[in-house]
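Here's a quick briefing to read alongside the structure. Have a look around first, then we'll go through it topic by topic.

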Amino acid sequence: MYSGGQGINTRPFERSAPGKIILCGEHSVVYGRPAVGVPVSTVRSTAWVASTPSGSGLRIDALDLQQSALLGDADADDPLALCARLVLKSLSAQEPDAVLKVHSDLPIASGMGSGASVAAAAARALSASLGHELAPSAVSRITHEVEKIHHGVPSGIDNTVIAWERPVYFVKDSAPQTFAIHTPFKLIVAYSGIASSTKAAVTAVRRRFEAAEGYYSVLFDCIGAISTAARDAVEQGAIQTLGTLLNENHELLTKMGVSLAQLDELVVAARQAGAMGAKLTGSGQGGNIIALVDEETVAPVRAALEGAGATRIWEATVGSSDA
Ligand code: PMV
């Protein structure tokens, strides 16, 4: 199946990338305040490359979307085509005769970074098929460019966490600071069933910020302080404190206007069932919430979230190899 071809090695090239969760700091990160993101390694995107007959060019198959396009025919704003073009440019490589296939277990438009994850996996697989393993910094840079198609002006937290696959304390336009987790902790990620547009949510916050800069600056400062405290809590293994910080962050996001009644209901259901903390994660206006649980509360919180209308639920242990 993966027989040789011009410019392509003879073995299958499969690479993957994780999903991500923003623990604290979404939206305020766009305004220069710190945010904390962690990878979710159990829910991933995968891409692989197989050679095709000489002269056929590069075809990109987005399997989940049932879309297939030749690189030469793809529009400038086709995310996977841009990803492939950036990889070829960075390697000074010719377009290979090959097919690049991409699949993701991450739901689209949910706040788990599906776009960035797919782009990172695709960049890695294409580059590997051309004989070069991309460094995390290169994966992050390419993925950030691709994210601009989806999001306009992304802060860079998604591509950074996904490319480095490490917990990151992130400040826009600064070098990413990865950090260690003292004690692994368990998160439940619950999908509201409502697709959310990061671009729309970020634009809405921008409009409200411009109408009330002083108020929003205070909200952003408070959230920035929560992000710093959350990183410290994670580094010290102060998991109860982390829970309190998640709760406080959610209240501030609500004040910012990016929550929805359905998200608030999920958050309240998780807390009432014993979660140490819960908040929306990502851009809001739909998408996911996260709930911080332990071995005893994971089952009741899961059940409460299902009862409150979550349409999909994942569990992630952050800081252990199965995260
Ligand atoms: O991609 P999402 O939906 O997880 O949200 C990204 C986080 C925002 O802070 C809302 C936007 C950004 O560019 O950081």
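Which residues in α1 are buried? They are Leu80, Ala81, Leu82, Cys83, Ala84, Val87 and Leu88. Keep in mind that this is a predicted model. The points below start with the whole chain, then move to two helices and a handful of individual residues.

**The chain as a whole**

- The protein chain has nine helices and eleven strands. Its radius of gyration is 20 Å, close to the 20 Å from the globule rule for 323 residues, so the chain is as compact as a globular protein of that length.
- If you want to picture the box, the C-alpha atoms fill roughly 60 × 45 × 35 Å along the principal axes.
- Of the 323 residues in the protein chain, 54% are buried.
- Take the contacts with a separation of 6 or more: 73% of them are between residues 24 or more positions apart.
- The accessible surface adds up to about 13,000 Å², and carbon and sulfur atoms own 51% of that.
- On the charge side, there are 25 positive and 32 negative side chains, with the centres of the two sets 4 Å apart.

**Helices α1 and α2**

- Helix α1 covers residues 79–91, and at 1.5 Å a residue its 13 residues should span 18 Å; the end C-alpha atoms are 19 Å apart, which agrees.
- What covers the buried residues of α1? The cover includes β3 (58–62), β5 (98–104), α2 (114–129) and α3 (136–151).
- So α2 is part of the cover over α1, and α2 is itself largely enclosed by the rest of the structure, because 15 of its 16 residues are buried.
- The span of α2 works out too: 22 Å is expected for its 16 residues at 1.5 Å each, and its end C-alpha atoms are 22 Å apart.
- Just after α2 comes Gly131, with a positive phi of about 90°.

**Positive phi without a glycine**

- As background, most residues other than glycine have a negative phi.
- His27 goes the other way, with a positive phi of about 70° although it is not a glycine. You'll find His27 in the loop between β1 (13–24) and β2 (35–51), and at a relative accessible area of 5% His27 is buried.
- Gln285 is another non-glycine with a positive phi, near 55°. Its loop runs between β9 (277–281) and β10 (288–293). Is Gln285 buried or partly exposed? At 27% relative accessibility, Gln285 counts as partly exposed.

**Loop residues to click on**

- Val29 sits in the loop between β1 and β2, and it is buried, with a relative accessible area of 3%. Leaving out neighbours within four places in sequence, Val29 is in contact with Ala35, Ser155, Phe170 and Lys172. The C-alpha atoms of Val29 and Gly224 are 7.8 Å apart, with their positions 195 residues apart along the chain.
- Asp64 is in the loop between β3 and β4 (67–70) and counts as partly exposed, at 43% relative accessibility. Beyond residues up to four places away in sequence, Asp64 touches Val102, His103 and Ser104. From Asp64 to Thr311 is 247 residues in sequence and 19 Å in space, C-alpha to C-alpha.
- Ser259 lies in the loop between α7 (239–256) and α8 (261–272). At 14% relative accessibility, Ser259 is under the 20% cut-off and so counts as buried. Setting aside neighbours within four places in sequence, its contacts are His250, Leu253, Thr254, Asp264 and Leu280. Gly287 is 28 residues from Ser259 along the chain, and their C-alpha atoms are separated by 9.9 Å.

**A strand residue: Ile21**

- Ile21 belongs to strand β1 and counts as buried, at 1% relative accessibility.
- What does Ile21 touch, not counting residues up to four places away in sequence? The list is Val36, Gly37, Val38, Val40, Leu187, Val189, Thr281 and Ile290.
- Asn288 is 267 residues away from Ile21 along the chain, yet their C-alpha atoms are separated by 9.4 Å.

Key
Residues are numbered from 1 along each chain as its sequence is written. This is a predicted model: local features need pLDDT of at least 70, side-chain atom pairs count only at pLDDT 80 or more; totals for chains, interfaces and linings use all residues. Side-chain values use heavy atoms; hydrogens and water are left out. Helices (H or I, at least four residues) and strands (E, at least two) are DSSP runs, numbered from the N terminus. The radius of gyration is taken over C-alpha atoms; the globule rule is 2.2 Å times the number of residues to the power 0.38. Buried means under 20% relative accessible area, exposed over 50%, partly exposed in between (1.4 Å probe, protein chains only). Contact means heavy atoms within 4.5 Å. Accessible areas come from the Shrake-Rupley method with a 1.4 Å probe; for residues, only the protein chains shown count as cover. Lys and Arg count as positive and Asp and Glu as negative; His and the chain ends are not counted. The place of a charge is taken as NZ of Lys, CZ of Arg, CG of Asp or CD of Glu. The expected span of a helix is 1.5 Å times one less than its number of residues.
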